[in-house]
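Dear colleague,

I am handing over the structure below, together with an account of what was found in it. Please keep it open while you read, since the notes go from place to place.

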Amino acid sequence: QVQLVESGGGLVQAGGSLRLSCAASGSIFSINAMGWYRQAPGKQRELVAIITSGGSTNYSGSVKGRFTISRDNAKNTLYLQMNSLKPEDTAVYYCNAAIVDNTWRQMRAYWGQGTQVTVSS
């Protein structure tokens, strides 16, 4: 079974920092693009940042310059470094990855369970 597990969420004051991690495990053949999404109460889930297998990145305008997405391919792990946090960053953050598994060799999207990030003012 392929699964993604996020960690690193918590409560911080405005201006603080957090680093989220997402570890992929299971019968994995390859991992392609990976990304972070977030969902605040009453809002749609939105893409925060994405990183390709080659390391190219894209960010939403609201986090550009404050967040950094990265990955460690040897560890099958995705990271999101969040600096200068604002109250509007408060949300559940989800990891997403396009993964080819060893059983079917078919690509599909996998989601983590989410980790809560709360930024107080």
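Are Arg-66 and Asp-89 buried or exposed? In this model, which is a predicted one, Arg-66 is buried, and Asp-89 is buried as well.

**The salt bridges**

These two residues are a good place to begin, because Arg-66 lies in the loop between strand E6 (57-59) and E7 while Asp-89 lies in the loop between E8 and E9, so that their pairing ties together parts of the chain that are 23 residues apart in sequence. The pairing itself is a salt bridge, in which the closest N and O atoms of Arg-66 and Asp-89 are 2.8 Å apart. Asp-89 also meets the side chain of Arg-38 in a salt bridge, at 3.0 Å from N to O, and this pair links distant parts of the chain, since Asp-89 is in the loop between E8 and E9 and Arg-38 is in strand E4, 51 residues apart. Arg-38 in turn forms a salt bridge with the side chain of Glu-46, with an N to O distance of 2.8 Å.

The count of salt bridges comes to three, and Arg-38, Glu-46, Arg-66 and Asp-89 are linked through such bridges in a network. As to how far the members are covered, Arg-38 has a relative accessible area of 6% and is therefore buried, whereas Glu-46, at 34% relative accessibility, counts as partly exposed.

**The disulfide**

The structure holds one disulfide, which joins Cys-22 to Cys-95 with an S to S distance of 2.1 Å. Cys-22 lies in strand E3 and Cys-95 in strand E9, so the link ties together parts that are 73 residues apart in sequence. The angle about the S-S bond is -75 degrees, which makes the link of Cys-22 and Cys-95 left-handed. Cys-22 counts as buried, at 0% relative accessibility, and Cys-95 is likewise buried, with a relative accessible area of 0%.

**The nonpolar core**

In soluble globular proteins, nonpolar side chains tend to be buried together. Here the largest nonpolar core has 30 residues, and those that touch the most other members are Trp-36, Leu-80, Met-82, Tyr-93 and Ile-99. Two or more residues are given to this core by each of strand E3 (18-25), strand E4 (28-39), strand E5 (46-51), strand E7 (67-72), strand E8 (77-82), E9 and strand E11 (115-120). The largest share, five residues, comes from E9.

Leu-80 may serve as an example of how such a residue is surrounded: apart from its neighbours within four places in sequence, Leu-80 is in contact with Leu-18, Arg-19, Leu-20, Trp-36, Val-48, Phe-67, Thr-68, Ile-69 and Tyr-93.

**Asn-96 in strand E9**

Asn-96 has its place in strand E9, which covers residues 91-101. With a relative accessible area of 12%, Asn-96 is buried, and its side chain reaches the backbone oxygen of Tyr-110 at 3.2 Å. When neighbours within four places in sequence are left aside, the residues in contact with Asn-96 are Leu-4, Ala-33, Met-34, Gly-35, Tyr-37, Ala-109, Tyr-110 and Trp-111.

**Two loop residues with positive phi**

Two further residues deserve a look for their backbone angles. Asn-76, which is not a glycine, nevertheless has a positive phi of about 55 degrees, and this residue lies in the loop between E7 and E8. Its relative accessible area is 27%, so that Asn-76 is partly exposed. Outside its neighbours within four places in sequence, Asn-76 is in contact with Cys-22, Ala-23, Ala-24, Ile-28 and Ile-31. Measuring along the chain and through space, Asn-76 and Phe-29 are 47 residues apart in sequence and 11 Å apart from C-alpha to C-alpha.

Arg-105, also not a glycine, has a positive phi of about 55 degrees. Arg-105 is found in the loop between E9 and strand E10 (107-111), and with 48% relative accessibility it counts as partly exposed.

With kind regards

Technical notes: Residues are numbered from 1 along each chain as its sequence is written. This is a predicted model: local features need pLDDT of at least 70, side-chain atom pairs count only at pLDDT 80 or more; totals for chains, interfaces and linings use all residues. Side-chain values use heavy atoms; hydrogens and water are left out. Helices (H or I, at least four residues) and strands (E, at least two) are DSSP runs, numbered from the N terminus. Buried means under 20% relative accessible area, exposed over 50%, partly exposed in between (1.4 Å probe, protein chains only). A polar contact is a pair of N or O atoms within 3.5 Å; within protein, one must be able to donate a hydrogen and the other to accept it, and residues adjacent in sequence count only if both atoms are side-chain atoms. Contact means heavy atoms within 4.5 Å. A nonpolar core is a set of buried Ala, Val, Leu, Ile, Met, Phe, Trp, Tyr and Cys residues joined through side-chain atoms within 4.5 Å. A disulfide is a pair of cysteine sulfur atoms within 2.5 Å. A salt bridge is a side-chain nitrogen of Lys or Arg within 4 Å of a carboxyl oxygen of Asp or Glu.
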